Amino acid sequence: MSTRPRVGLFVTCLVDLVRPQIGFAAVKLLEQAGCEVHVPPTQTCCGQPAWNAGADGHAREIARNVVAAFEGFDYIVAPSGSCAGMIKRHYPEVFETDAVWLPRARALAAKTHELLSFLVKVCGMTGVTAQYAKRVCYHDSCSSLREMGVKAEPRALLATVGGLSIGELSDPQVCCGFGGLFSVKYPEISERMADDKIADACATGAGALIGGDLGCLLHLKGRMARQGKTLEVRHAAEVLADMGGEPALGEP
């Protein structure tokens with residue numbers, strides 16, 4: 001019997017549909033860290049859009065499926081602070097009045113982690129052997145920073161990438177304006193917040209904007225494309241897994 005920790009990888013909808021290589025990068029990093037990685041085929045959305053929209057019944061239905069698909073693993077890991085935060089922080093709220101599912105949701109929440117934090121805090125990863133010869137800046141998503149408490153871990157791992165240097169944003173704690181449904185409900189405000197974040201990133205002199213949540217990165221890259229800005233945008237897992245030579249977001 002394997003003694004390696006059994007990790008259920010929660011791929012996320014955006015990674016699955018838009019940027020699958022982030023999922024492959026996550027698998028590579030988790031295996032390098034000594035984990036036995038499983039990708040349950042029955043996984044779906046985490047239910048966050050439904051929960052945020054007030055469709056509580058739909059959120060519960062989706063959450064039941066996620067709990068059932070992942071509760072048998074030692075850990076559940078997501079390359080997204082947003083989806084991990086939904087499972088860890090909000091599933092207990094989703095099942096607050098359900099005596100059957102609440103204990104199961106709490107048990108799953110207790111072993112749910114954002115990818116980069118998991119690699120450092122649980123697996124003890126201190127560095128990678130990847131190469132990426134660029135100055136980068138790191139965008140902290142609101143969910144990673146505030147719900148999951150992830151800040152130092154991605155920077156610690158990125159600092160070990162050969163050729164990479166980090167220039168910090170002047171306002172790293174400020175939202176990029178994505179916020180899931182926020183960008184749909186308030187597009188003008190969302191665009192203005194993205195413009196401010198992009199200006200902050202460009203002012204660092206970085207050649208690439210790196211982050212840990214694909215939703216934020218797609219939002220910022222889309223806005224950059226409309227402005228004719230060519231700053232490279234990538235998920236941190238791709239850089240750490242030495243996949244930084246592949247086309248960045250929006251590149252053919």
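This is a short tour of the structure above, stop by stop, with a selection to make at each one. Keep in mind that you are looking at a predicted model.

**Stop 1: helix α6**

Start by selecting residues 101-110, which form helix α6. Show the side chains of W101, L102, A105, L108 and A109, the buried residues of this helix. Now turn the view until you look straight down the axis of α6: the buried residues fall within an arc of 130 degrees, so they line one face of the helix. The spacing of the residue numbers helps here. An α-helix has 3.6 residues a turn, so residues three or four places apart point the same way.

Next, colour R106 and A110, which are exposed and sit on the face of α6 turned away from its buried side. What do the buried residues of α6 pack against? Select α4 (56-70), β3 (75-78), α5 (81-94) and β4 (112-114) to see these partners.

**Stop 2: the nonpolar cores**

Select L30 and I210 next. Within the largest nonpolar core, which has 50 residues, these two have the most contacts. Stay with I210 and look at what surrounds it in space. Leaving aside neighbours within four places in sequence, I210 is in contact with Y132, V136, C137, Y138 and H139, and also with L158 and L217. The list of its contacts is completed by R234, H235, A236 and V239.

There is also a second, separate core, made of 26 residues. To find this second core, select A63, V66, M86 and A105, which are among its members. You have met A105 already, as one of the buried residues of α6.

**Stop 3: the largest pocket**

Switch on a surface and go to the largest pocket, whose volume is about 700 Å³. Which of its 32 lining residues are closest to the centre? Select Q48, S82, F178, G179 and G180. To see how the lining is put together, highlight α1 (13-17), α3 (48-52), α5, α8 (142-147), α10 (181-185) and α12 (214-227); each supplies at least two of the lining residues. If you colour the pocket lining by class, you will find 17 nonpolar, 13 polar and two charged residues.

**Stop 4: the cavity**

Now hide the surface and look for enclosed space. Rolling a probe the size of a water molecule over the atoms shows where empty space is left. How many cavities of 30 Å³ or more are there? The count comes to one. The largest cavity has a volume of about 30 Å³. Select Y138, H139, D140, S141, S144, V150, P154, G212 and D213 to display its lining. These residues divide into three nonpolar, four polar and two charged. Y138 and H139 in this lining also appeared at the second stop, in contact with I210.

**Stop 5: V39 and R135**

Select V39, in the loop between β2 (36-38) and α3. V39 is partly exposed, with a relative accessible area of 45%. Not counting residues up to four places away in sequence, V39 touches L9 and V11. Draw a distance between the C-alpha atoms of V39 and L9: they are 30 residues apart along the chain, with a separation of 5.2 Å.

Then move to R135 in strand β5 (residues 135-139). R135 is partly exposed as well, at 37% relative accessibility. Beyond residues up to four places away in sequence, R135 touches S165, I166 and G167, along with T204, G205, A206, G207 and A208.

**Stop 6: two positive phi angles**

End with the backbone. Most residues other than glycine have a negative phi, and most peptide bonds are trans. Select T12, in the loop between β1 (6-9) and α1. T12 is not a glycine, yet its phi is positive, near 85 degrees. Is T12 buried or exposed? At 7% relative accessibility, T12 counts as buried.

The last selection is D242, in the segment after α13 (236-240). D242 is not a glycine either, and its phi is positive at about 65 degrees. With 42% relative accessibility, D242 counts as partly exposed.

Key. Residues are numbered from 1 along each chain as its sequence is written. This is a predicted model: local features need pLDDT of at least 70, side-chain atom pairs count only at pLDDT 80 or more; totals for chains, interfaces and linings use all residues. Side-chain values use heavy atoms; hydrogens and water are left out. Buried means under 20% relative accessible area, exposed over 50%, partly exposed in between (1.4 Å probe, protein chains only). Helices (H or I, at least four residues) and strands (E, at least two) are DSSP runs, numbered from the N terminus. The arc is that of the directions from the helix axis to the C-beta atoms. Contact means heavy atoms within 4.5 Å. On a 1 Å grid over the protein atoms alone, a cavity is a set of points where a 1.4 Å probe fits but cannot get out, and a pocket is an open set with protein on both sides within 12 Å along at least five of seven lines; lining residues have an atom within 4 Å of a point. Grid points are joined across faces, edges and corners, and a volume is the space filled by probe spheres set on the points. Ala, Val, Leu, Ile, Met, Phe, Trp, Tyr, Cys and Pro count as nonpolar, Asp, Glu, Lys and Arg as charged, and the others, Gly among them, as polar. A nonpolar core is a set of buried Ala, Val, Leu, Ile, Met, Phe, Trp, Tyr and Cys residues joined through side-chain atoms within 4.5 Å.
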